[in-house]
Amino acid sequence: KEEEKQEEWDDEPFYFFMNFSPDKKYILYSKNHNLYVKGNQALGMDTTEVQLTTDGSLDCSYARYEGEGVDEEMAANAVWCPDSRHAYMVLEDYRKLHDLWVINSLTDKPTLKSYKYEYPGNKHVTQNDLIIIDVVDKTVKKAKVDKWNDQSLLPVAVTSDSKLVFFERTDRTWSKVDLCSVNTSTMEVRELIHEVDLPY
């Protein structure tokens, strides 16, 4: 029976780009820059679409790639935990960045392209939030990780029981870094290691 279910799941081309949970029961995806979840029909799960977020936008998107067809379902930028219940991601907010304009000269007819870019010395840079997703409770929570202005966040590992997600927190000048953990159930954030490496 498991082999039949797997074959049925493999025959679902509509799902090929989506983000399946490790047990293949849930699918995380993005639409209109927001985060959605539904069950995998091939495994008998409820396929009702549930919208998890409403704050997504073009320059602060839950999608893995910005894309042009925002009304279409596309891959989410989330990473699953081993328990197939929790997932996590860093939400990057580019809304206050300046536009950088470039000419794409590799096409038959050159086109003008733009994207958000951090110029040296800019007042505003990319803002990072660490997001913890629970597909059973249908919740999306931002971990309270603020310490420095304009800090960067980088998830590095998750425990095998999915209780803790470890991440690095770095200040804007890249002279201070913390190794921290966040509990996926309680959202408790702990600073485990703090290091300073001042320039020169």
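## Salt bridges and a nonpolar patch

The structure holds 13 salt bridges, and the model in which they are found is a predicted one. Three of these pairs are described below together with the elements that carry them, followed by a network of charged residues and a nonpolar area on the surface.

One of the salt bridges brings together the side chains of E49 and K31, with 3.0 Å from N to O. This pair links distant parts of the chain, for E49 sits in the loop between β3 (34-39) and β4 (50-51), while K31 belongs to strand β2 (residues 26-31), and the two are 18 residues apart. The surroundings of the two partners can be read from their accessibility: E49 has a relative accessible area of 34% and is partly exposed, whereas K31, with a relative accessible area of 16%, is buried, because buried means under 20%.

A further salt bridge joins R85 to D134, whose closest N and O atoms are 2.9 Å apart. R85 is placed in the loop between β6 (79-80) and β7 (86-93), and D134 in strand β10 (residues 127-134), so this contact ties together parts of the chain that are 49 residues apart in sequence. Here R85 is partly exposed at a relative accessible area of 29%, while D134 counts as buried, its relative accessibility being 7%.

K116 and D99 also meet through their side chains in a salt bridge, at 3.2 Å from N to O. Both residues lie in strands, K116 in β9 (residues 111-117) and D99 in β8 (residues 98-104), and this pair, too, links distant parts of the chain, 17 residues apart. K116 is partly exposed, with a relative accessible area of 23%, and D99 likewise counts as partly exposed, at 34% relative accessibility.

Beyond these pairs, K147, R169, D178 and E191 are joined into one network by salt bridges that share partners.

The table sets out the three pairs described above.

| Salt bridge | N to O distance | Separation in sequence |
|---|---|---|
| E49 and K31 | 3.0 Å | 18 residues |
| R85 and D134 | 2.9 Å | 49 residues |
| K116 and D99 | 3.2 Å | 17 residues |

Turning from charged to nonpolar side chains, W101, I103 and L112 make a nonpolar surface patch of about 370 Å². W101 is found in strand β8, the strand that also holds D99. With a relative accessibility of 53%, W101 counts as exposed, because exposed means over 50%.

Notes: Residues numbered from 1 in each chain as written. Predicted model: local features only at pLDDT ≥ 70, side-chain atom pairs only at ≥ 80, totals over all residues. Heavy atoms only, no water. Salt bridge = Lys/Arg side-chain N within 4 Å of Asp/Glu carboxyl O. Helix = DSSP H or I, 4+ residues; strand = E, 2+ residues; numbered from the N terminus. Buried < 20%, exposed > 50% of the residue type's maximum accessible area, 1.4 Å probe, protein only. Patch = residues over 30% accessible without salt bridge, like charges linked within 9 Å, V, L, I, M, F, W, Y side chains within 5 Å. Areas by Shrake-Rupley, 256 points an atom, 1.4 Å probe, with all protein chains shown as cover.
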